[in-house]
Amino acid sequence: MATRTTTKPRKTTATPWGAAYTVEQLTLPQRSGEKRFASVVQLLETEKGERYVRFAYTTGGVARRGPVTLRLRDVERLRAALAEHPELAQAFGCGGGA
């Protein structure tokens, strides 16, 4: 099951285009054999209102940048979890959002 980001003070995230804040985050827990990790999809926004979608994965709670691989069943779980993340859903053209 995906988790929802709780309301916290806005933390700046570095991107190649400058600082941005996390608007919404979807965490998709995954497993391969004994390995546990999670893929993260974030909707980021700059001070000027430009939005980005960032994919990452986590191991031991630490975000890693690099290739993110989703099995087809994980893509289905991602699609279902977007129902709880309307702004991310809108960014993917799935409706919702403000």
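This is a short walk through one protein structure, from its overall layout to a few chosen residues.

Thanks, everyone. One thing up front: this is a predicted model. Keep that in mind throughout.

Let's start with the layout. The protein has 2 helices and 6 strands. What order do they come in from the N terminus? The elements run β-β-β-β-β-β-α-α. So much for the order; now the burial. Of the 98 residues, 30% count as buried. And the contacts? Take those with a separation of 6 or more: residues 24 or more positions apart account for 40% of them.

Now helix H1. It spans residues 72–81. Which of its residues are buried? They are Asp74, Leu78 and Ala81. Seen down the axis of H1, these buried residues fall within an arc of 65°, so they line one face of the helix. Here is some background. An α-helix has 3.6 residues a turn, so residues three or four places apart point the same way. What does the buried face of H1 pack against? Its buried residues pack against E3 and E4. Turn to the other side of H1 for the exposed residues: Leu72, Arg73, Glu76, Arg79 and Ala80.

Next, the second largest pocket. Its volume is about 190 Å³. Which strands each supply at least two residues of the lining? There are E3, at 18–32, and E4, at 35–45. Then come E5, at 51–59, and E6, at 62–64. Let me name the residues. The lining includes Gln25, Thr27, Val40 and Gln42. Arg54, Ala56 and Thr58 are also among the lining residues. The list ends with Gly61, Val62, Ala63, Arg64 and Arg65. By class, that lining has 4 nonpolar, 5 polar and 3 charged residues.

On to the aromatic rings. A pair of rings is described by the distance of the centres and the angle of the planes. The count here comes to 2 aromatic pairs. I'll show you one of them, Phe55 with Phe92. Their ring centres are 6.1 Å apart and their planes sit at 70°. Planes over 60 degrees apart count as edge-to-face, so this pair is edge-to-face. Where do the two residues sit in the chain? Phe55 is in strand E5, while Phe92 is in the segment after helix H2, which covers 86–91. They are 37 residues apart, so this pair links distant parts of the chain. Buried or exposed? Neither word fits Phe55, because 38% relative accessibility makes it partly exposed. Phe92 is at 36%, so Phe92 also counts as partly exposed.

Stay with strand E5 for a moment. Tyr57 is there. Its relative accessible area is 27%, so Tyr57 is partly exposed. What does Tyr57 touch, leaving aside neighbours within four places in sequence? It is in contact with Ala38 and Ser39. It also contacts Val62, Ala63, Arg64 and Arg65, and then Pro67 and Val68. Tyr57 and Pro67 are 10 residues apart in sequence, and 8.2 Å apart from C-alpha to C-alpha.

That list brings us to Val68. Where is Val68 placed? It is in the loop between E6 and H1. At 27% relative accessibility, Val68 counts as partly exposed. Again setting aside residues up to four places away, Val68 touches Ser39, Phe55, Ala56 and Tyr57. The C-alpha atoms of Val68 and Ala56 are separated by 6.2 Å, with their positions 12 residues apart along the chain.

Last stop: two threonines. Thr13 is found in strand E2, residues 12–15. Thr22 lies in strand E3. Which of them is buried? Thr13 is, because its relative accessibility is 12% and buried means under 20%. Thr22 has 29%, so Thr22 is partly exposed. Beyond four places in sequence, Thr13 touches Gly18, Ala19, Ala20, Thr22, Leu44 and Arg54. On the same terms, Thr22 is in contact with Lys11, Thr13, Gln42, Leu43 and Leu44. The C-alpha atoms of Thr22 and Gln42 are separated by 6.5 Å, though the two are 20 residues apart along the chain.

That's the tour. Thank you.

How values were computed: Residues are numbered from 1 along each chain as its sequence is written. This is a predicted model: local features need pLDDT of at least 70, side-chain atom pairs count only at pLDDT 80 or more; totals for chains, interfaces and linings use all residues. Side-chain values use heavy atoms; hydrogens and water are left out. On a 1 Å grid over the protein atoms alone, a cavity is a set of points where a 1.4 Å probe fits but cannot get out, and a pocket is an open set with protein on both sides within 12 Å along at least five of seven lines; lining residues have an atom within 4 Å of a point. Grid points are joined across faces, edges and corners, and a volume is the space filled by probe spheres set on the points. Helices (H or I, at least four residues) and strands (E, at least two) are DSSP runs, numbered from the N terminus. Ala, Val, Leu, Ile, Met, Phe, Trp, Tyr, Cys and Pro count as nonpolar, Asp, Glu, Lys and Arg as charged, and the others, Gly among them, as polar. Rings of Phe, Tyr and Trp (its six-membered ring) pair if their centres lie within 6.5 Å; planes under 30 degrees apart count as stacked, over 60 as edge-to-face and the rest as tilted. Buried means under 20% relative accessible area, exposed over 50%, partly exposed in between (1.4 Å probe, protein chains only). The arc is that of the directions from the helix axis to the C-beta atoms. Contact means heavy atoms within 4.5 Å.
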